[in-house]
Amino acid sequence: MPTPFVHLHVHSHYSLLEALPKVKALIKDAKAKGMDTFALTDNGVMYGAVEFYQKAIDEGLKPIIGMDAYLAPFGRFEKRHKIDSKPFRLVLLAETNQGYKNLMKISTVGFMEGFYYKPRVDKEVLKEFCASSDHGLIALSGSQYGEIPTLIRNGEVEKAEAVAKQYAEMFGPGHFYLELVDRPELADVRAVNAVLIEMGRKLGIPLVVTKDSFYLKPTDAEAWRVMACIKNGKTLEEYERMQTVEFDASFCSPQGIVERFADVPEAIDNTRRIADRCNVTLELGKW
């Protein structure tokens with residue numbers, strides 16, 4: 001029997017120096033935990049899409065192809081030190097083959113036009129590729145670094161609501177979800193989730209739960225911290241002084257997440273609904 005919760009925000013080692021697991025290890029772990037599908041959403045790139053598709057199909061799992069996109073807050077052509085070096089996040093999932101093509105084009109624009117520290121796009125790009133009713137993309141509002149959660153953390157709830165309406169209109173009915181990230185150890189994330197739940201019900205925007213996974217097991221957290229130190233040129237002592245609260249970003253079993261979000265069952269159910277809707281078929285081995 002399929003699990004009620006589906007992971008829709010998962011990073012592999014193709015999120016360079018930001019996540020640990022290789023695609024094959026993710027698929028093996030997913031099968032061991034009784035999953036029949038999950039999404040691969042690497043940071044700003046689709047390097048792992050074809051490998052993920054092939055290996056998931058070979059193992060009898062349905063691959064959901066996506067990307068954790070970087071959004072330039074002042075437009076993809078603005079490239080100013082510090083101001084533009086911290087883009088927002090938005091998870092994009094390919095619902096159809098057309099959505100997969102649009103996802104590849106969006107990724108390309110991020111590198112060719114918007115690259116500044118990261119491959120970035122902006123709302124102008126999203127609007128262009130969502131102009132048609134059959135754009136085939138499903139968007140999640142992103143982790144704690146998404147535009148909406150950032151506004152909430154800054155106390156700008158009304159502005160966050162306006163942005164949520166903008167995205168809902170851009171992607172169309174049933175194609176934009178407010179993302180509740182499972183980080184029970186972090187008080188600010190729990191607070192943001194509470195506002196998002198209220199906002200979703202107020203505005204009629206559906207909710208969805210993600211884990212935003214960067215490694216397989218909780219015990220991999222130490223190796224992940226070491227990788228973060230390599231990426232940022234810091235020692236473990238420096239990292240631990242900056243990161244005062246430990247949290248779990250593992251590819252955890254679905255059951256724990258279902259229990260933690262028992263008060264918003266629709267957000268769990270929506271993970272399965274989205275997974276059922278995402279059906280990309282790639283024809284490989286020819287131009």
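**Helix 1 and its surroundings**

In helix 1 of this predicted model, the residues Val 23, Leu 26, Ile 27, Asp 29 and Ala 30 are buried, that is, under 20% relative accessible area with a 1.4 Å probe and protein chains only. They lie on the same side of helix 1, because they cover an arc of only 165° around the axis, taken from the directions from the helix axis to the C-beta atoms. The face turned away from this buried side carries Lys 24, Lys 28 and Ala 32, which are exposed (over 50%). Helices are DSSP runs (H or I) of at least four residues and strands (E) of at least two, numbered from the N terminus.

The model is predicted, with local features needing pLDDT of at least 70 and side-chain atom pairs pLDDT 80 or more, whereas totals for chains, interfaces and linings use all residues. Residues are numbered from 1 along each chain as its sequence is written, and side-chain values use heavy atoms, without hydrogens and water.

The cover over the buried residues of helix 1 includes strand 1 (37-43) and helix 2. The axes of helix 1 (residues 23-32) and helix 2 (residues 49-58) come within 10 Å and cross at roughly 35°; axes are lines fitted to C-alpha atoms over the stretch in contact, and angles run from 0 to 180 degrees between N-to-C directions. Val 23, Lys 24 and Ile 27 of helix 1 meet Glu 51, Phe 52, Lys 55 and Ala 56 of helix 2, contact meaning heavy atoms within 4.5 Å.

Just after helix 1, Gly 34 has a positive phi of about 80°. In the segment before helix 1 stands His 7, which counts as buried because its relative accessibility is 0%.
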